[in-house]
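Here are my notes on this one, jotted down while going through it. Have a look at the model first, then read on.

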Amino acid sequence: MTSRRTSESGLPIEPVYGPEALEGWDPAEKLGEPGKFPFTRGVYPSMYTGRPWTMRQYAGFGTATESNARYKQLIANGTMGLSVAFDLPTQMGHDSDAAIAHGEVGKVGVAIDSVDDMRVLFGGIPLDKVSTSMTINAPAALLLLLYQLVAEEQGVSADKLTGTIQNDVLKEYIARGTYIFPPKPSLRLIADIFKYCRAEIPKWNTISISGYHMAEAGASPAQEIAFTLADGIEYVRTAVAAGMDVDDFAPRLSFFFVARTTILEEVAKFRAARRIWARVMKEEFGAKNPKSLMLRFHTQTAGVQLTAQQPEVNLVRVAVQGLGAVLGGTQSLHTNSFDEAIALPTDKSARLALRTQQVLAYETDVTATVDPFAGSYVVEKMTDDVEAAAVELMAKVEEMGGAVNAIEHGFQKSEIERSAYRIAQETDSGERVVVGVNRFQLDEEEPYEPLRVDPAIEARQAERLAKLRAWRVQTEVDDTLEGLRKAAASTDNVLYPMKDALRARATVGEVCNALREVWGTYAPSDVF
Amino acid sequence: MSAEEPIRIVIAKPGLDGHDRGAKVIARALRDAGLEVIYTGLHQTPRQIVSTALQEDAHGIGLSVLSGAHMTLFAHVLAELRDADAMDITVFGGGIIPETDIPALRDLGTAAVFTPGTSMGEIVDWVKSNVLPVSSFEGTSR
């Protein structure tokens with residue numbers, strides 16, 4: 001007897017697929033050539049046969065000095081791009097000495113309070129030689145400008161800077177929770193960033209529209225791409241409404257997805273997402289530049305699938321997940337460290353995570369040919385199925401008036417939470433096997449001593465701030481912050497006065513507070 | 001005295017951490033098991049959490065912290081409870097919490113800490129047998 005399984009998106013998976021699965025399926029329409037519309041097979045003609053993806057390991061903790069040392073180590077180990085993790089006070093626009101920051105300074109990332117910290121973070125790292133991704137959303141403009149200020153000090157002009165700011169606030173409301181301002185001013189700030197980068201930092205990826213965090217919160221693959229692409233559509237509409245031509249900013253949009261252990265559906269998901277986006281950009285927004293149609297994306301392996309039990313098993317999970325990302329045509333990849341269900345990665349676990357990618361890139365043959373699953377009965381059928389499921393969900397978001405209106409109705413969040421609860425129930429019942437957790441357990445887990453962040457860094461950051469506030473010219477800070485408030489209240493681009501304030505040593509907390517005064521803060525109606 | 005009084009639990013997200021999957025899943029599981037559950041929403045200060053618990057006349061507070069700030073935040077919630085003379089409210093919690101931190105959290109007054117991989121059933125059973133609606137137990141201090 002054969003039994004039919006259901007995919008993570010709730011779609012049927014047949015025990016056997018044959019030619020009938022692809023009846024009427026036209027490769028010219030569904031696939032096209034690699035690097036050509038609808039980009040199902042990948043955004044570039046040669047993909048990894050030319051060069052592998054960018055190995056980009058997300059890292060950062062403690063002070064700028066400690067994180068700088070970790071970055072130099074990652075570079076020495078062969079990482080190709082930096083990816084900065086900021087601590088929660090920085091992500092929420094609070095200084096390290098704010099009351100609400102107590103206990104959180106330097107914990108999940110590096111603490112950055114001012115340009116002085118940013119200079120230390122990138123000390124000895126030439127900013128014209130590395131590309132830097134920054135996981136920063138509500139205060140994305142601030143961190144980008146701090147990066148530009150440090151580059152200026154290094155003598156590197158802004159047109160040489162390459163990297164990405166996450167800058168995706170809509171998914172913060174849906175899944176990740178580090179929002180500051182309400183949706184309307186948040187979208188306006190994002191449009192200001194698009195315009196600023198077009199004029200000043202043309203090679204910068206201005207946004208990384210992210211489904212990763214939705215997946216971590218419980219979203220299925222179809223929900224992940226549907227809600228992410230719907231967010232993307234909202235950003236494009238915002239920029240167009242702000243007077244930009246779609247081809248002036250769309251080539252700099254990028255995406256960020258998860259890679260789960262269910263690699264067949266994941267490969268289908270990545271391919272489906274590329275096809276949907278290309279069609280939306282062409283048909284709905286009339287984009288002409290082929291680069292505007294390309295869904296370029298970063299992938300991170302699924303942190304939520306890692307277990308605290310028998311943590312070394314996570315090395316295997318990460319290898320499988322990473323393989324899925326590569327078979328799906330990712331442009332860059334972060335592989336998680338095996339100890340991330342317990343704490344921050346140690347030097348050794350971070351190195352092993354990078355080595356996993358190096359094995360995939362240099363020892364396997366999956367890089368030898370483009371889109372190896374093309375034409376596979378099951379993967380093509382699943383690509384069509386995931387695409388159809390995602391398109392249906394996107395239509396529901398449209399019916400509600402687009403991503404922001406749907407967020408205000410709590411639609412995406414409640415859909416995702418329902419999925420999360422179902423997964424928890426399946427795990428409890430044993431229907432969903434998690435090795436080491438509900439099957440194949442050990443009687444006694446080995447003790448594991450995780451990396452710890454020195455709690456004294458909170459006091460050290462507070463001292464640095466006190467010195468900075470005593471040293472800087474306060475009238476300059478006050479005047480530039482006043483300029484920022486005025487721009488925020490008008491339609492002027494806020495990034496120019498914001499840069500003046502940051503150059504005058506206004507802190508991250510002070511700049512965000514100036515904007516809070518004008519724009520207010522977001523208060524969700526949180527039900528469960 | 002009513003023996004039927006349901007157990008009331010406040011599920012709370014202290015600090016700046018925005019990851020609420022675990023908190024929401026546990027809130028639903030407790031609710032489905034017949035408990036009354038109040039979810040605080042994100043970014044709550046310890047004082048706000050204790051004030052919610054007092055207003056709701058809660059019997060227990062479940063804290064969820066994934067950001068590594070658990071030592072500070074659990075200590076602050078327990079200190080606020082002490083200041084409010086409400087130490088009869090049972091505090092438990094979960095999140096990304098290293099095993100080696102658990103003894104210190106228990107010393108602070110945390111009744112139980114659930115780490116990743118704990119089943120919903122185990123947590124529901126623990127709450128049902130360890131967080132008791134005080135009014136059904138005349139004579140205990142409240």
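1. Starting with how chain A is wired: take the contacts between residues at least 6 apart in sequence, and 78% of them join residues at least 24 apart. Keep in mind throughout that this is a predicted model.

2. On secondary structure, chain A comes out with 21 helices and 11 strands. Its radius of gyration is 23 Å, and the globule rule gives 24 Å for 528 residues, so chain A is as compact as a globular protein of that length. If you want box dimensions, the C-alpha trace of chain A spans about 80 × 60 × 50 Å along its principal axes.

3. Burial and surface for chain A: 62% of its 528 residues count as buried. The chain exposes about 20,000 Å², and carbon and sulfur atoms supply 54% of that area. As for charges, there are 55 positive and 71 negative ones in chain A, and their mean positions sit 4 Å apart.

4. There is one annotation to pass on. An unreviewed UniProt entry lists residues 7-520 of chain A as "domain: Methylmalonyl-CoA mutase alpha/beta chain catalytic". In the model, that span is 50% helix and 8% strand, and its end C-alpha atoms lie 42 Å apart.

5. Where does Thr40(A) sit? You'll find Thr40(A) in the loop between α1 (27-30) and β3 (54-59) of chain A. Its relative accessible area is 0%, and with the cut-off for buried at under 20%, Thr40(A) is therefore buried.

6. Which residues does Thr40(A) touch, once neighbours within four places in sequence are left aside? Lys30(A) and Leu31(A) are in contact with Thr40(A), and so are Arg271(A), Arg274(A), Arg275(A) and Asp371(A). Leu354(A) is another residue you might want to place relative to this loop position: Thr40(A) and Leu354(A) are 314 residues apart in sequence and 27 Å apart in space, C-alpha to C-alpha.

7. Now for Trp471(A), which is found in helix α18 (residues 457-471) of chain A. Is Trp471(A) buried or exposed? The relative accessible area of Trp471(A) is 61%, and the cut-off for exposed is over 50%, so Trp471(A) is exposed. Measuring up its position against Arg505(A), the two are 34 residues apart in sequence, with 9.5 Å between their C-alpha atoms.

8. On to chain B, which has five helices and five strands. Reading from the N terminus, its elements run β-α-β-α-β-α-β-α-β-α. In terms of overall size, a compact globule with 142 residues would have a radius of gyration near 14 Å, and chain B agrees because its value is 14 Å. The C-alpha atoms of chain B fill a box of roughly 40 × 30 × 25 Å along the principal axes.

9. Burial in chain B stands at 58% of its 142 residues. For contacts with a separation of 6 or more in chain B, residues 24 or more positions apart account for 71%.

10. Last, the surface and charges of chain B. About 5,800 Å² is exposed by chain B, with carbon and sulfur atoms supplying 49% of it. Chain B carries 11 positive and 18 negative charges, and the mean positions of these two sets are 6 Å apart.

How values were computed. Residues numbered from 1 in each chain as written. Chains lettered and ligands numbered in written order. Predicted model: local features only at pLDDT ≥ 70, side-chain atom pairs only at ≥ 80, totals over all residues. Heavy atoms only, no water. Helix = DSSP H or I, 4+ residues; strand = E, 2+ residues; numbered from the N terminus. Rg over C-alpha atoms; globule rule 2.2 N^0.38 Å. Buried < 20%, exposed > 50% of the residue type's maximum accessible area, 1.4 Å probe, protein only. Contact = heavy atoms within 4.5 Å. Areas by Shrake-Rupley, 256 points an atom, 1.4 Å probe, with all protein chains shown as cover. Lys, Arg positive; Asp, Glu negative; His and termini not counted. Charge placed at Lys NZ, Arg CZ, Asp CG, Glu CD. UniProt positions renumbered as here; feature names shortened; annotations may be inferred.
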